[in-house]
Amino acid sequence: MPNKGAKGHKKSINVGASSRIDAAATTINEVTKMLAISDCFSGLSRPLLKEIASLSEIRMYPEGAEVFAVHDPGDFLYGVLSGSLLIYVRSPDGKEMSLSTTEPGEIGGEIGVIDGGNRTTNGRTLGQSILAIIPRKGFLRLLLKRPEISIHMLQYLCQRVRQASAQVEDVAFLSTEQRLAKRLRALVAAGGHEVPVKIRISQKDLASFANTARQNVNLILGQWQTEGLIRIQRSCIEILDLDGLNQKILSQA
């Protein structure tokens, strides 16, 4: 069921098909650690991170839960403690296009929280996921109280604009094979893993990321498996040779 937004005090936040986690199970310290490694808040002092973490409510979602939908109020930030979130858009005829995934240690929803606008994307869990939800009202009060957090977020949002420009360039100038290899490399890096490592993502979602047909993804992945770069498994892809994927990105195919 799509989220209709977080309202009121943090104990009454309603963010879709989720369940609350006992505070003893996931402490403020755990949320603080997650914030500290996020691109959005890394570099802030621990006291500031703890102030942000103290605003959060912990939520657990089953696989495939819609955390938010297009046009929902952008009234909370979310941080991924475990699992992951697929960010995507849907055309009027129901076709989906994946834009990104939010992995453990990453933050989302910052633009809506800052400008007060509605969501422009959908968010669906990939596997059971635990999120830290930070309400907009409380976060904005903290920004007024701690301007150093505001400056830090402005710098982060500028980086996001630069990244968006780079993604447009990828679609314009890289081949499908290069875009697929780059996406898989990014997923490995986001998790901080060393190969071999299993990446939980479907061929359908990879096709959306690469802006191509699923059949093309299937053919490319099959060739990479033959070359020993990956191993295709149910609902995941095992990365065996990261250097080989890097060579695919550098190639001019």
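Let us begin at one residue, Glu 227, which is partly exposed, with a relative accessible area of 37%. Keep in mind as you look around that this is a predicted model. Glu 227 has a partner: its side chain meets that of Lys 248 in a salt bridge, at 3.0 Å from N to O. The two come from distant parts of the chain, with Glu 227 in the loop between α8 (214-226) and β11 (230-233) and Lys 248 in helix α9 (residues 242-250), 21 residues apart. Is Lys 248 buried or exposed? Its relative accessibility is 15%, and because buried means under 20%, Lys 248 counts as buried.

With that first pair in view, step back to the whole chain. It contains nine helices and twelve strands. Of its 253 residues, 46% are buried. Among contacts with a separation of 6 or more, 73% are between residues 24 or more positions apart.

How confident is the predictor? The chain has a mean pLDDT of 84, with 88% of the residues at 70 or more. Residues 1-16 are a stretch to read with this in mind, as the pLDDT there is below 50; even so, the stretch has 44 contacts in the model beyond near neighbours in sequence.

Now back to the charged side chains. Side chains of opposite charge can pair when their charged atoms come close. How many salt bridges does the structure hold? The count is eleven, and the Glu 227 and Lys 248 pair where we started is a salt bridge of this kind.

Another salt bridge joins Arg 200 to Glu 63, where the closest N and O atoms are 2.7 Å apart. This pair also links distant parts of the chain, 137 residues apart: Arg 200 sits in the loop between β10 (197-199) and α7 (203-210), and Glu 63 in the loop between β2 (57-61) and β3. As for their surroundings, Arg 200 is partly exposed at a relative accessible area of 44%, while Glu 63 counts as exposed at 54%.

Look next at Glu 238 and Arg 231, which form a salt bridge with their closest N and O atoms 2.6 Å apart. Here Glu 238 is buried, with a relative accessible area of 11%, whereas Arg 231 is partly exposed, at 40%.

Salt bridges can also be followed from residue to residue. In this model a network of them links Glu 66, Arg 90, Glu 96 and Arg 124. Arg 124 appears in a second setting as well, lying over the face of Tyr 88 at 4.4 Å from the ring centre.

That brings us to the aromatic rings. The structure holds two aromatic pairs. One of them is formed by Phe 41 and Phe 139, arranged edge-to-face, with 6.1 Å from centre to centre and 70 degrees between the planes. Phe 41 lies in the loop between α1 (28-37) and α2 (46-53) and Phe 139 in helix α4 (residues 136-145), so this pair ties together parts that are 98 residues apart in sequence. Are these two rings buried or exposed? Phe 41 counts as buried, at 0% relative accessibility, and Phe 139 is buried too, with a relative accessible area of 0%.

The rings of Phe 68 and Tyr 78 have centres 5.4 Å apart and planes at 35 degrees, so this pair is tilted. Ten residues separate the two partners, with Phe 68 in strand β3 (residues 66-68) and Tyr 78 in strand β4 (residues 76-82). Phe 68 counts as buried at 2% relative accessibility, and Tyr 78 is buried at 4%. Phe 68 also has a charged companion: Arg 119 lies over its face, at 4.7 Å from the ring centre.

A last stop is at the cysteines. How many disulfides are there? The count comes to zero. Cys 40 is buried, with a relative accessible area of 1%, and Cys 236 is buried as well, at 12%. In the sequence, Cys 40 stands just before Phe 41, the ring that pairs edge-to-face with Phe 139.

Note on methods: Residues numbered from 1 in each chain as written. Predicted model: local features only at pLDDT ≥ 70, side-chain atom pairs only at ≥ 80, totals over all residues. Heavy atoms only, no water. pLDDT = per-residue confidence, 0-100. Contact = heavy atoms within 4.5 Å. Disulfide = S-S within 2.5 Å. Buried < 20%, exposed > 50% of the residue type's maximum accessible area, 1.4 Å probe, protein only. Phe/Tyr/Trp six-rings, centres within 6.5 Å; stacked < 30°, edge-to-face > 60°. Helix = DSSP H or I, 4+ residues; strand = E, 2+ residues; numbered from the N terminus. Lys NZ or Arg CZ within 6 Å of the ring centre and 35° of its normal. Salt bridge = Lys/Arg side-chain N within 4 Å of Asp/Glu carboxyl O.
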